[in-house]
Amino acid sequence: FITVSMGEGIKNIFEDLNVDHVIAGGQTMNPSTEDILKAVDNIKAENIIILPNNSNIVLAATQAKELSDKNIEVLPTKTIPQGIAALLAFNEDVDLDDNIKSMSDAFKSIKTCQVTFSVRDTTINDKEIKKDDIIGICDGNISSVGKDINEVTLDLIKNSITEDNELITLFYGEGVTEEDGQEVLDKLESEYSNLDIELIYGGQPLYYYLIAIE
């Protein structure tokens, strides 16, 4: 496995899931095709699966596949939670094709939400957003805007879950303390007692929280 990651905690999660090479990446540091090819060259395996975990990196991963003589599959994961979900679905007892199918099904079923900040004044979908406002995004759509990180996070999750969801995983970033994360977790557990909710250190920059809903 080759995967693109951001944040020390996220990197450790991928390594715990038996990823062979973790490439540092993210919104502002996208690895090139050459970076991915270097990772490919360092791996001795019959099959290599690349998880880009960012829509901006899928093309570079695909180009690396085309340029390499090795047997490479690119799973077009566009977020960190999608990459984690795909790896959790891997089964070493089945063949490559079956794994690609199960891993694809797994990551496509994940809803990814992100809590970050606005870099400028703007208006999107009738929402007026000021520079430095906290914004909650789910699957690319802005769902919540405010001044308080935890309030926006709770509002974002409320707007994003459905009765079919069973699990929420919050990865808290470098701009959030464990105490802040625990406060969000406690409020979610009191409000959604029917859901399994996990809080994990991600250490990612730019995003206060990365959230997987499944």
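Gly25 is buried, at a relative accessible area of 9%. I start there, and I should say at once that this is a predicted model. Where does Gly25 sit? Its place is the loop between β2, residues 21-24, and α2, residues 33-41. Leaving out residues up to four places away in sequence, Gly25 touches Val4, Ser5, Met6 and Pro31. Ile57 is 32 residues from Gly25 along the chain, and the two C-alpha atoms are 8.9 Å apart.

Now to Asn30. Asn30 is in the loop between β2 and α2 as well. Its relative accessibility is 35%, so Asn30 counts as partly exposed, whereas Gly25 is buried. With residues up to four places away again left out, Asn30 touches Asn54, Asn56 and Ile57. For a longer reach, take Asp139, which is 109 residues from Asn30 along the chain; there the C-alpha separation is 20 Å.

Next, the protein as a whole. It has seven helices and twelve strands. The radius of gyration is 18 Å, and the globule rule gives 17 Å for 214 residues; the two are close, so the protein is as compact as a globular protein of that length. The C-alpha trace spans about 50 × 40 × 30 Å along the principal axes. Buried residues account for 50% of the 214. Of the contacts between residues at least 6 apart in sequence, 61% join residues at least 24 apart. The exposed area is about 11100 Å², with 43% of it from carbon and sulfur atoms.

On to charge. How many positive and negative side chains are there? The protein has 16 positive and 40 negative. The centres of those two sets are 8 Å apart. As a general point, side chains of opposite charge can pair when their charged atoms come close. Here the count is six salt bridges, and I will go through some of them.

One is within a helix. Glu34 pairs with Lys38, and the closest N and O atoms are 3.9 Å apart. A salt bridge needs that distance to be within 4 Å, so the pair qualifies. Both residues lie in α2, four residues apart, or about one turn of the helix. Glu34 is exposed, at 52% relative accessible area. The cut-off for exposed is over 50%, so Lys38, at 47%, counts as partly exposed.

The next one joins Asp132 and Lys131, with 3.6 Å between the closest N and O atoms. Lys131 is partly exposed, at 48% relative accessible area.

Then there is Asp133 with Lys147, a salt bridge at 2.5 Å, N to O. Which parts of the chain does this pair link? Asp133 is in the loop between β7, residues 127-129, and β8, residues 134-138. Lys147 is in the loop between β9, residues 141-146, and α6, residues 149-160. The two residues are 14 apart, and the pair links distant parts of the chain.

Is each partner buried or exposed? Asp133 is buried, with a relative accessible area of 5%. Lys147 is exposed, at 67%.

Terms used. Residues are numbered from 1 along each chain as its sequence is written. This is a predicted model: local features need pLDDT of at least 70, side-chain atom pairs count only at pLDDT 80 or more; totals for chains, interfaces and linings use all residues. Side-chain values use heavy atoms; hydrogens and water are left out. The radius of gyration is taken over C-alpha atoms; the globule rule is 2.2 Å times the number of residues to the power 0.38. Buried means under 20% relative accessible area, exposed over 50%, partly exposed in between (1.4 Å probe, protein chains only). Contact means heavy atoms within 4.5 Å. Accessible areas come from the Shrake-Rupley method with a 1.4 Å probe; for residues, only the protein chains shown count as cover. Lys and Arg count as positive and Asp and Glu as negative; His and the chain ends are not counted. The place of a charge is taken as NZ of Lys, CZ of Arg, CG of Asp or CD of Glu. A salt bridge is a side-chain nitrogen of Lys or Arg within 4 Å of a carboxyl oxygen of Asp or Glu.
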